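Here is a walk through a protein model for someone meeting it for the first time. Take a look at the sequence and the 3D view, then read on.

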Protein chains: 2
Amino acid sequence: MTRKELIEQIRKKQSFLCVGLDTDINKIPDFLKETEDPVFEFNKRIIDATKDYCVAYKPNLAFYECQGPAGWESLRKTLEYIPDDIFTIADAKRGDIGNTSTYYAKTFFEYLGCDSVTIAPYMGEDSVTPFLEFPGKWAIVLALTSNAGALDFQMISDEKGKRLFEKVLEKTTRWGTPDNTMFVVGATRAEGIGEVRKLVPDHFFLVPGVGAQGGSLEDVTRYGWNEDCGLLVNSSRGIIYASNGADFAEAAGEKAAEIQRIMEKELRSRNF
Amino acid sequence: MTRKELIEQIRKKQSFLCVGLDTDINKIPDFLKETEDPVFEFNKRIIDATKDYCVAYKPNLAFYECQGPAGWESLRKTLEYIPDDIFTIADAKRGDIGNTSTYYAKTFFEYLGCDSVTIAPYMGEDSVTPFLEFPGKWAIVLALTSNAGALDFQMISDEKGKRLFEKVLEKTTRWGTPDNTMFVVGATRAEGIGEVRKLVPDHFFLVPGVGAQGGSLEDVTRYGWNEDCGLLVNSSRGIIYASNGADFAEAAGEKAAEIQRIMEKELRSRNF
């Protein structure tokens, strides 16, 4: 999906919601466990219930890999089931070198048909650029994450006071463009999003940490906004586990709709 | 596998060779492509030919994932086929937070039965520690890698002149112990290995970059040695693609034996 197409979807749906499909086999309702592929069945119903309210889905690979080949099959079927006009993110946080990264890119972009994949930048340029060579596909690079450990390394300052996440932004924006690169910018420190926005005015941000991890949607929008919206805000557990009963999909739909209404208000107030 | 068991194997085989099973479906001999599982058939023959000369095998996940569920099955069968007294490394470079990292750990340690997994430390403590909670299992954390892009971020100095890879070593050695943590330290700058050895005297290092990427085995041993050997030196392409004909396994065995003889000389000269 191109940047233009993504922006059109945000405008059309009045939403910049990404639903995180962190589907934990141990957390899905019991009645689904008797089906042939419980993880896919769960995702299918979540997608049916939420697809009108979101512009992106983000499965986290860890929850699929732990089921072995069956998990990869659930993931493949899930991605196939997602409507074509919804952006897909393989939250895989991969990062290897050269030819090896190309194989990861082929896995996510060609085999699974995802629009994008999340990338850990520790190994530098040759771990990121192989993902930028696929037309219409995106690398979403970890910059400032929302977890406690983010402070361990991402905030380290160099001699000139420039922090690691700033160096990642600076270098990565030279390797890619706002048409094939986004950044993960956590919501637990909304002011942090504002700092990143000043450094990279044009790129889209994938923002985790709204909801379960505690960030406010209004703050994220205020600090992260750019003229193309420039935000995909993710919620995983808050939506997909809104209920653990037979009404789980309905509850997920209601939760997604509730977030969409807040987003619509934010978008309309900016005449988007 | 415990540290004590690993050291015993190094002593017994007079080798600290790790064979990288970066098995690229496009590079394996044609006659194997007619078998049911060409990647596993290739690995099986490589393992038969090299197992007396190495103490570890390291499949890189990218080459298996790109084949979808079939690739995971090839990987699982390969790991099952490796003799129990050989250390196994899932070269996956994973890194996510908390519960998600635990699922990755379960994938590699429980589902695949690997002894260890490589970890990218960008997200900090809660992306590393979940891997340290499995008895007899290891986290192998990227510190100073051997690729060109390693210079982009790993060498950034903080206000006190401490570089990112040093911060990773400093913090990670507080989270884990030399019994459950190793570090990836590239061989392209042998003096770099010496610097790292001074900072972490007791930990094992996984050293890629000998052979195809150009480091010298004697230099790596000189700079990286500790009283328990403390080194696993990896060679991938130099061994598994030593020949692309019908004699590929024999050629791989000869190449592994050749490296083992150099290692034996290094070990004996240190009375190990």
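In helix 9 of chain A (residues 190–199), the buried residues are Ala190(A), Gly192(A), Ile193(A), Gly194(A), Val196(A) and Arg197(A). Buried here means under 20% relative accessible area, exposed means over 50%, and partly exposed is in between (1.4 Å probe, protein chains only). The cover over those helix 9 residues includes strand 5 (138–144), helix 8 (164–175), strand 6 (181–185), strand 7 (204–207) and helix 10 (217–224) of chain A. Helices (H or I, at least four residues) and strands (E, at least two) are DSSP runs, numbered from the N terminus.

A word on the ground rules: this is a predicted model, where local features need pLDDT of at least 70 and side-chain atom pairs count only at pLDDT 80 or more, while totals for chains, interfaces and linings use all residues. Residues are numbered from 1 along each chain as its sequence is written, chains are lettered from A and ligands numbered from 1 in the order in which they are written, and side-chain values use heavy atoms, with hydrogens and water left out.

Now for the meeting of the two chains. Chain B brings 55 residues to the contact and chain A brings 54 residues, with contact meaning heavy atoms within 4.5 Å. Together they bury about 4,800 Å², 61% of it on carbon and sulfur atoms. That buried area is the accessible area (1.4 Å probe) that two parts lose on being put together, summed over both. On the chain B side, Tyr103(B), Tyr122(B) and Phe153(B) lose the most area to chain A, together 19% of what that side buries.

How do the two copies relate? A turn of 180° and a shift of 0.0 Å along the axis lay chain B on chain A with an RMSD of 0.0 Å, superposed by least squares on the C-alpha atoms of residues with pLDDT of at least 70 in both. That is the relation of a two-fold axis. Both copies use the same surface, as 98% of the contact residues of chain B recur in chain A.

One residue to look up at this meeting place is Met123(B), in the loop between strand 4 (116–119) and helix 6 of chain B. Met123(B) is buried because its relative accessibility is 6%. Setting aside residues up to four places away in sequence, Met123(B) touches residues of both chains, including Lys93(A), Leu142(A), Gln154(A), Gly95(B) and Ile97(B).

Next come the charged pairs. A salt bridge is a side-chain nitrogen of Lys or Arg within 4 Å of a carboxyl oxygen of Asp or Glu. The structure holds 44 of these over all chains, and six are counted between chain B and chain A. Here are some of them:

| Pair | Closest N and O atoms |
|---|---|
| Asp152(B) and Lys171(A) | 3.2 Å |
| Asp37(A) and Lys77(A) | 2.9 Å |
| Glu195(B) and Arg163(B) | 2.6 Å |

The pair of Asp37(A) and Lys77(A) links distant parts of the chain, 40 residues apart. Asp37(A) is buried at 12% relative accessibility, whereas Lys77(A) is partly exposed at 23%.

Back in chain A, Ser101(A) sits in helix 5 (residues 98–111). With a relative accessibility of 0%, Ser101(A) counts as buried. Beyond its neighbours within four places in sequence, Ser101(A) is in contact with Gly95(A), Asp96(A), Asp126(A), Ser127(A), Pro130(A) and Phe131(A).
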